[in-house]
Each structure stands twice: as structure tokens, then as C-alpha cells.
Amino acid sequence: MTSEKKHSVLEVSELAIGYISKKKSTIISEGINFSINKGELVGLVGTNGIGKSTLLRSLAGMQPSLQGSISINGNLLQDTSAFQLANKLSIVLTETPASKNLSVLELVSLGRHPYTNWVGALSETDKNIIQNAISATEIESLVTKKCYELSDGQLQKVMIARALAQDTPLILLDEPTTHLDLYHRASVLKLLKKLSQENGKTILFSTHEIDLAIQLSDKMIVMTKEDTHYNSPTELINRGCLRYLFPKETIYFDEESKRFVMKN
Amino acid sequence: MQTQKSYSIHFIVLLLLLAVAFLLNVSLGSVSIPFNEVISGLFGGETSKSSWQFIIFDYRLPKAITAILAGGGLAVSGLLMQTLFRNPLAGPFVLGLSSGASLGVAFLILGAGIFGGALGGLLLSSWSLVIASALGSFLVLLAVLSVSFKVKDTMTLLIIGLMFGSVTAAIVSVLSYFSNAEQLQQFVFWSFGTLGNVSWQGIFILFLCVIFGLLLSFISIKPLNALLLGENYAKSMGINIKKTTLLIILATSLLAGSITAFAGPIAFVGLAVPHLTRQYFTTSNHLILLPAVVISGAILMLICDTVAQLPFTEYTLPINAITSLLGAPVVIWLLVRKRKLLF
């Protein structure tokens, strides 16, 4: 390890998230603190409706946060324009592309948008970055296909390739493993691990794959009703933070096997 | 946006088709003029009869140019709406834009009687027709758009568009009830749609409106491409959604409004041409689609007008009827063949 202080890519302090309407603001979760360093893969887990998507949307600037601060590469999110943010952060959402008529190559190349001229002409550098994104996600055989021809797992990889082509230090993914079978869930998460290790990307993904997330993540954010914990998976297990993730009547966390087990 | 191949051959084919459709359109009409006479007349030579010169320059040529402007412009407004609403069934006619334009024109023509003759005559210049019609379509589009922010479901949106259409049609009926026969006839003829009644001065105005609308569309190419992924993705790539939406709305209402003002409400061109173009150009890139849709729209409109003209007879059918007769089967064919319309 180098002695210099690690570079924090995403820093969140005393964050409260929720929805603001004309009449009142509804807090979904508050007191969220974490700081993610460059090249780390971070899994975000919690039960349905606990606010994982809301947290990701707040971090991506898609909805305002209620309190606290978010800084990306040391700059406060509220001081960052949408255009500047597009150079720092890319997203993979649960929603599929609006047009299923896009070809894979067209879709991935859309990731270069923040860097191209007014008609979106691609330079040689842009094309190289697109090719790299395609080979890193191993979708070379799909480039000529249209989106409506892809399986869920293939489409997910294509969306990750688009985020890679956007060439941002930080990538946020909202449940990238939903609708996938075990093999594809594992392969998408392994891809994320590879991107964080080899390409130095900082990646935050929400997931219901807690077992896989424990095995692969450098750090994890565990959201519960009472609190939000941030630490390495082993440390979280040792402190018993995963124990109360779900109501304990049905399912419990077995700390030895690092798995959730059905209660008989 | 990176596309697999270059489409220059496709464009050459389209331009050739456009030339053929144009020549066909100018050489066919109620009066039979030999083809070589038409060609020499068009390129400034003498024709055997001076009346032929007159027919070509003061009737057929303006009509063909109006067809090109109207077809290209309507097709582009359809493409813009399909991408903006991310709905393959969107188009100026379906979303009530044309009925909005009708309402504007109805207020102008039929309202002229209610507000008195002198004022009425002053109101009925080409410009006021354009302004009323563009304003009508702009207001309907704004209404549809404001609803679309609340209703995310695209099917609901289309139904709401149809409802707006019904409301405007009802208001037009009420206006018709209170106006005199002469004005009513004027309005009914306008609503049949015709490309033949536009003067050179009118063409100049239409040309300015269409060119400006196309310019606005061309500067929106990049955000339009981003919108193909959906609003959230577009935003995350630094696209200013509000500015883009406003630009697209301005372009659409300018195009649909001005064309409807001069040629009457024309159905199906805006809906069908973008889909036909996507069948031929297998790309979603607006940089390629936009010019391709302009040319295809112009070709289709020239063909429709040639048919409407009923060559060698004295009759001219309403252009709106012809575009519907040709356009509706095309949309049905696309739906049946692909089972699903994609945009």
C-alpha cells in the first residue's frame, strides 16, 4: 500500500433522501455516511422499498436530496452541472432503453455523447473507446443485433458497455442482476469486479444477491430501517449488521456459512 | 452515434426516386402535355402552346413544390413526435396537432363572420392563416405535453390526444353552426386538403416556415438520439431535457402548423413515413433518419398528389383522402408483419 491518502471518489455525509412534494417532504432514509475510494466495488443491499433506488437516484442527481452532502471527486453534487456530471458519473438503470430498435453498436456509442460535437460525430479516439467497452464486456458477437433481439442478460451487458463508453470514474448500477439466472447474475457481477480491478472504475451497485455481493464486494452498504452501515463484508458480518436485514421470523443470516437460511 | 454501414447508396436511390416522382407529378394532370414539352418548359425553353407554359409554371410547379415541402415537413414532425413521446404511434394527426391547427383556422375563417366583414377580410391573409394554424397546433401540443408529464403511460397519452382532437372538432362544429354558407364552404374546402391552391407568395412563406422547422430539428439531432434511451439516460449524459423538449415542440408545431394552414389537415404522412424509412434505413440514428425522412415524405406526397390529380380527367380528389387511403393500409401492414411497431 502507498502511504499517501487514498483518493475518495464518492463521499456522502449525513445524507437524508426521500421525496419532496408541494405539501411535505417524505424522508425515506437519513443519516447516511460513506466514502468510496477509487477502484472499489461496493454492493448496496437492503430489503425492498428501503430506499436503494432512491439513494442511487439521489447520488446520480436525478432527484434532490433532503439533507447532507454528496461530493464526487471532491466537488459537491449541487455545484456540478448536468454536463460536468456526465463526465464523472454514468448509470445503468432498471429501465430498458426506450427504443428497442437501436442496434447494440448504436446504443454503446451513445455513451460518447458528452464528448462529441453537435451532431454527435465520433472521432477515432471515441471509436477506440467504444471498441474497448465492447471487448471489456465481451459483447463483440452482438454488435450488429438490435435491442429487441437480445436476452435480458445480454441487454444488461450492453447497458454496462454503454456506461463504460461514457468513460467516467464512477458507475452506478440499479439492480443489474434482476431477471437473470444464477449463471448470468454471477457473470454480470464478475464483470463489475473485473472493471473495478483492471480498469480502476469505482462501482456502486444495488442488488438482492447478498451472497454473491458478500463474496465479490470490497465494501458493502447495508440499509435497514434503523440505520445504514458501510464497511467491508467481513467486518459487517462480524458486527452482525446483516443479521437484521430481513424480519427474523422467516429468514436469518448464518454467520458461519455467510448465507441467509430459511427458518424451519 | 456509430452506425454499421454507410447509407450513401440508399440516399442516391431516394434522390433518384424523388426526381422521378417530381417529373411524374409535373407531367401528369387534367391537361395532357407531352413529356418532352414539360421538360423543355421546366428548363426555360419554349413550349408549343403558351397555355402549357402557364399550366406548368403557375399550376403544376407550385403544386409539386408544395407537395415536397408538405410531405417532407409532415414526415419530420412525425419522426420528432415519435422520439419525443417515445411512442411509435405518435404523429401530428394522432396527437391532435392537426385538429389544433384546424381549430385555429376555423376561428379565423368562421370567426371572421362573427367579428364583421371588414376585419375579416384583413384577417384572411396567408400570414394570418399560418399564425392561427401554428398557434392552434402549438397550444394542443403544449396541452398534450403537460399531460404527458403526469401520465407516463403512452397508451393513455394517445387516448388523451384523441380526446383533444374530439374537443377541437366539437368546437369547430359549434363555430360552423353559427357561420354563413360561404365561410362554411371556404372552411370545408380547406379541410379537404389541397396542394394546388398555394400561390408563389404562399410557397415562399411555407418554404421559410418549413426550412426554419427543419433547422430546429437538425440542431436537435444529438439530443434526439439520446432520447432514444429514455429521459433518465439522456439526462445522465448531460442533455438538457427542458430545452430539447421546447425545441422539438417549436419545430413540430411550426412544421405541422404551417403545412396544415396551406394544405389543410393531411393524415398519415407523419405517422407512416418514419416507419417506412426505418424499414429501408436500418438505423435509429437521427443524423441519417432525419434527411431520409424528409426525402421519403416528399416522394410519398408527390405520389399521393399525382394519384389525387386523377390524370387526364377534370377531377381532383381531396389529398387528405388519398394519404389516408394509402397510409392506413401501410400502418396495418407494418403492424401485422412486425407484430409490434418499433420506433
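**Exercise 1. Work out what follows helix α14(B), and check the helix length and burial.**

Just after α14(B), L310(B) has a positive phi of about 45 degrees. Helices here are DSSP runs of H or I with at least four residues, strands are runs of E with at least two, and both are numbered from the N terminus. This is a predicted model: local features need pLDDT of at least 70, side-chain atom pairs count only at pLDDT 80 or more, and totals for chains, interfaces and linings use all residues. Residues are numbered from 1 along each chain as its sequence is written, and chains are lettered from A in the order in which they are written.

Step 1. Helix α14(B) covers residues 286-308, 23 residues. The expected span is 1.5 Å times one less than the number of residues. That gives 33 Å, and the end C-alpha atoms are 31 Å apart, which agrees.

Step 2. A residue is buried if 20 or more other C-beta atoms, placed from the backbone, lie within 10 Å of its own. In α14(B), 19 of the 23 residues are buried, so the helix is largely enclosed by the rest of the structure.

**Exercise 2. Trace the open sheet of chain A.**

Step 1. The four strands run in the order β2-β1-β4-β5 (chain A), with antiparallel pairing. Pairing requires at least two DSSP bridges between two strands.

Step 2. The edges are β2 (25-37) and β5 (75-76) of chain A, each paired on one side only.

Step 3. Nine bridges join β1 (residues 8-20) of chain A to β2(A). L10(A) stands opposite I36(A) in β2(A).

Technical notes:
A residue is buried if 20 or more other C-beta atoms lie within 10 Å of its own, exposed if 12 or fewer, and partly exposed in between; C-beta atoms are placed from the backbone.
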